[in-house]
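User: Please take a close look at a single part of this structure. Start from one residue, work through its surroundings, and then place that part in the wider chain.

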Amino acid sequence: MKVTVDFEECLKDSPRFRAALEEVEGDVTELELKLDKLVKLCIAMIDTGKAFCTANKQFMNGIRDLAQYSCKDALVETSLTKFSDTLQEMINYHNILFDQTQRSIKAQLQTFVKEDIRKFKDAKKQFEKVSEEKENALVKNAQVQRNKQHEVEEATNILTATRKCFRHIALDYVLQINVLQSKRRAEILKSMLSFMYAHLAFFHQGYDLFSELEPYMKDLGAQLDQLAVDAAKEKRDMEQKHSTIQQKDYSSDDTKLEYNVDAANGIVMEGYLFKRASNAFKTWNRRWFSIQNNQLVYQKKFKDNPTVVVEDLRLCTVKHCEDIERRFCFEVVSPTKSCMLQADSEKLRQAWIKAVQTSIATAYREKGDESEKQEKKSSPSTGSLESGSETKEKLLKGESALQRVQCIPGNAACCDCGLADPRWASINLGITLCIECSGIHRSLGVHFSKVRSLTLDSWEPELLKLMCELGNDVINRIYEAKLEKVGVKKPQPGSQRQEREAYIRAKYVERKFVEKQPASVSLLESGTKVLPQSQEEKRHSGPEKSLLAGEQGAASQKVQSSDSGIQQSADDSREHLASTISANSLYEPEVDKQESSVFCDSKQPSPGLQLYRAAFEKNLPDMAEALAHGAEVNWVNIEENKATPLIQAVRGGSLVTCEFLLQNGANVNIRDMKGRGPLHHATVLGHTGQVCLFLKRGANQHATDEDGKDPLSIAVEAANADIVTLLRLARMNEEMRESEGLYGQPGDEIYQDIFRDFSQMASNNPEKLNRFQQSDSQKS
């Protein structure tokens with residue numbers, strides 16, 4: 001529990017303050033005991049683990065001795081040698097895991113206890129001492145007789161000095177308390193996160209190691225099968241009758257062990273199993289398990305809702321467990337966790353393992369009939385998205401996000417394999433994916449694809465609008481332009497994972513199916529040169545025309561993008577922009593000197609220039625095409641004050657365009673020749689939604705331009721109350737984090753709620769952010 005002591009109560013030295021101190025001191029004492037206990041348990045765990053590794057190493061030596069003894073049998077000697085070498089490598093991985101555990105848990109938490117908590121105790125001692133001195137001074141001052149003026153004066157002076165010293169030390173003590181309370185969460189979570197990453201690396205190494213050994217193990221298994229067949233031939237006549245009788249005997253007992261993949265109720269198999277808990281005690285509990293709807297679930301009681309152990313059986317594997325004390329155990333392993341289970345007999349264990357394996361195979365073969373039924377059931381509800389009764393908050397929930405995104409052309413099927421009802425999305429590409437393809441996209445890395453669930457994750461309004469601006473049809477027209485020409489077959493829903501992965505890497509990483517640009521593009525050096533201004537465009541002389549030229553070319557009288565927080569006609573926006581620019585010293589006539597080469601008549605610009613133009617014109621498909629052709633997202637136009645596509649997106653007035661560039665790696669702090677970054681430009685133009693977006697993405701609001709002005713001073717001069725509020729709130733939050741030290745909290749709930757409200761208004765109700773523009777137009 002985080003206990004915060006108020007500074008005002010500290011100055012009053014009220015009973016509430018003393019009670020709060022007592023509560024905090026008790027809390028810190030208990031925290032110290034818990035951390036000491038955890039460190040001791042960690043040391044014991046490491047010592048036990050190292051003892052296990054030592055015993056395991058001795059066992060490996062025994063296997064090597066047996067291999068040497070079997071030197072006359074080449075098969076046994078080779079197999080045992082390979083197995084012992086592999087297991088020895090696993091022992092090395094164990095030792096590495098224990099070393100990393102010692103660094104992440106023991107060292108970090110001990111440092112926190114010895115340094116930070118010790119500082120708290122020292123401050124407590126000083127506070128108690130000065131508190132006692134203050135009490136003595138108060139008593140002495142009260143006891144002095146009024147006729148003894150000298151003693152009265154002396155007692156008064158001592159009391160004044162003591163009170164001043166008490167306030168100073170008490171404030172320091174309260175500060176130390178608040179810093180400790182905020183820092184302890186970060187320290188504990190940081191150490192545990194490092195501990196979990198160490199385990200992740202350990203299991204990845206073990207998986208890779210045994211993946212290399214697996215082909216040999218399969219080959220050895222085949223040889224053993226052949227040996228068993230040869231031995232069985234010699235006794236076949238003698239044992240045939242006995243085997244038949246034995247099978248009949250088993251049949252009467254095994255009726256309860258059968259599993260049915262095509263069961264009408266969808267339950268492949270069900271029954272009681274013991275499950276090992278994931279807590280520190282590793283207790284075993286008997287639960288009712290069932291395999292249904294490609295999931296492994298269990299219940300404690302019939303009325304309880306089933307608890308999902310494995311959400312998708314296609315992503316898991318099952319194996320025997322012979323290395324623990326309990327019998328008949330097997331383990332179901334998924335990418336995120338593992339579950340240890342125990343059957344009542346060996347027959348039951350084999351039946352459960354076969355049922356899980358069969359369900360995995362069936363899940364891969366099925367054609368998604370159930371998904372199609374769900375899509376038909378959910379289709380009538382998609383029309384409700386257009387109804388005015390739906391609240392804005394509902395649009396951010398997973399199911400609403402799924403419905404909105406799937407309404408976009410092509411989004412009702414996976415972008416890469418065509419499976420119906422995709423539940424995942426790549427937010428930087430703007431496409432929908434099935435769970436199988438989403439796993440492959442994750443493996444590409446976030447610099448190629450950022451995967452998010454349409455049903456499980458929360459969606460920011462600007463991100464949801466970005467998804468609705470693109471879609472599978474748009475992206476596939478770009479990334480699969482040469483698919484038929486190259487002669488590559490697109491994967492189907494039933495394709496193997498290796499086939500999907502090869503196709504997806506060729507499509508998004510190597511970009512083999514993207515239509516190449518003509519050779520004339522090489523005349524434009526990306527990021528260094530831009531085509532000169534045409535004669536016709538030199539007629540545009542005003543700064544407002546320079547900024548609006550691209551918009552006029554795209555749609556002459558089109559209303560400015562509503563997601564910028566501005567909603568006016570083209571004529572009004574031109575007049576307002578001119579008045580806004582003239583009112584701010586940042587946009588002086590040097591804008592007139594900007595080369596209008598951004599809007600030149602070149603038929604085929606370089607990818608960087610294409611991205612630069614499309615960002616101003618709010619043309620997301622063109623921007624996606626430019627990135628597919630290799631455009632640098634932070635491309636710099638030297639001939640236009642070193643402006644970037646993100647700065648052009650700000651000038652174009654579209655929040656969604658800015659979000660698209662940021663999702664694809666745009667640097668929010670790159671500034672132009674005048675020292676103005678995207679945050680400067682958004683502040684000058686009064687784009688409240690963009691200011692909010694950049695602050696959330698870590699824009700540096702302390703950066704100053706060549707005139708020495710930061711965004712806050714610009715907003716104050718322009719009397720833009722909304723932007724001033726956002727900037728001051730972000731600055732206050734930043735100062736609070738700095739005062740709390742390196743491990744300060746990322747922001748309180750009030751700060752996050754305010755920014756969330758502004759983001760929602762900018763995306764769904766931009767007219768509410770018109771106050772600055774309206775008041776400014778009234779003044780003019």
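Analyst: Gln342 is a good entry point, in strand S7, which spans residues 338-342. Keep in mind that the model is predicted. Is Gln342 buried or exposed? Its relative accessibility is 9%, so Gln342 counts as buried, the cut-off being under 20%.

What does the side chain of Gln342 reach? It reaches the backbone oxygen of Arg327, at 2.9 Å. Arg327 also appears in the contact list of Gln342, once neighbours within four places in sequence are set aside. That list has Leu273, Phe274 and Trp284 from earlier in the numbering. It continues with Arg326, Arg327, Phe328 and Cys329. Trp284 begins strand S2, which covers 284-292. Cys329 begins strand S6, which covers residues 329-333.

Strand S6 leads to a second residue, Glu331. Glu331 has a relative accessibility of 13% and therefore counts as buried. Its side chain makes a polar contact of 3.1 Å with the side chain of Ser338. Ser338 belongs to S7, at residue 338 of the 338-342 run. Glu331 also touches Cys339 and Met340, again leaving aside neighbours within four places in sequence. On the other side of the numbering, the contacts of Glu331 include Thr317, Val318, Lys319 and Cys321. For Cys321, ten residues away along the chain, the C-alpha separation from Glu331 is 6.4 Å.

Put the two residues together. Gln342 in S7 has Cys329 among its contacts. Glu331 in S6 has Ser338, Cys339 and Met340 among its contacts. Each residue has a side-chain link as well: Gln342 to a backbone oxygen, Glu331 to another side chain.

Return to strand S2 for a backbone detail. The loop between S2 and S3 (295-299) holds Asn294. Phi of Asn294 is positive, near 60°, and the residue is not glycine. Most residues other than glycine have a negative phi. With a relative accessible area of 22%, Asn294 is partly exposed, because buried means under 20%.

Lys618 repeats the pattern elsewhere in the chain. Its phi is also positive, near 60°. Lys618 sits in the loop between helix H16 (607-617) and helix H17 (620-628). At 22% relative accessibility, Lys618 is partly exposed.

H17 then leads to a helix pair. Helix H11 (residues 472-479) packs against H17 at about 35°, with the axes 10 Å apart. Their crossing is right-handed. H11 supplies Val474, Ile475, Ile478 and Tyr479 to the contact. H17 supplies Pro621, Ala624, Glu625 and Ala628. By class, that contact has seven nonpolar residues, no polar residues and one charged residue.

Just ahead of H11 in the numbering comes helix H10, residues 461-469. H10 is mostly covered, with seven of its nine residues buried. The buried set is Pro461, Glu462, Leu463, Leu464, Lys465, Leu466 and Met467. Gly471 follows H10 with a positive phi near 110°.

Helix H21, residues 688-696, offers a parallel case, with eight of nine residues buried. Those residues are Thr688, Gly689, Gln690, Val691, Cys692, Leu693, Phe694 and Leu695. Just after H21, Gly698 has a positive phi of about 85°.

Another helix pair lies earlier in the numbering. Helix H2 (residues 15-69) and helix H3 (residues 74-143) have axes that come within 8 Å and cross at roughly 160°. That angle makes H2 roughly antiparallel to H3. The crossing is left-handed. The H2 contact with H3 has 29 nonpolar, eleven polar and 13 charged residues.

Last, the whole chain. It contains 25 helices and ten strands. Of its 780 residues, 45% count as buried; Gln342 is one of the buried residues. Among contacts between residues at least 6 apart in sequence, 67% join residues at least 24 apart.

Conventions:
Residues are numbered from 1 along each chain as its sequence is written. This is a predicted model: local features need pLDDT of at least 70, side-chain atom pairs count only at pLDDT 80 or more; totals for chains, interfaces and linings use all residues. Side-chain values use heavy atoms; hydrogens and water are left out. Axes are lines fitted to C-alpha atoms, for helices over the stretch in contact, and angles run from 0 to 180 degrees between N-to-C directions. Helices (H or I, at least four residues) and strands (E, at least two) are DSSP runs, numbered from the N terminus. Angles under 35 degrees count as roughly parallel, over 145 as roughly antiparallel, 65 to 115 as roughly perpendicular and the rest as oblique. A crossing is left-handed if the near helix is turned anticlockwise from the far one by less than a right angle, and right-handed if clockwise. Ala, Val, Leu, Ile, Met, Phe, Trp, Tyr, Cys and Pro count as nonpolar, Asp, Glu, Lys and Arg as charged, and the others, Gly among them, as polar. Buried means under 20% relative accessible area, exposed over 50%, partly exposed in between (1.4 Å probe, protein chains only). Contact means heavy atoms within 4.5 Å. A polar contact is a pair of N or O atoms within 3.5 Å; within protein, one must be able to donate a hydrogen and the other to accept it, and residues adjacent in sequence count only if both atoms are side-chain atoms.
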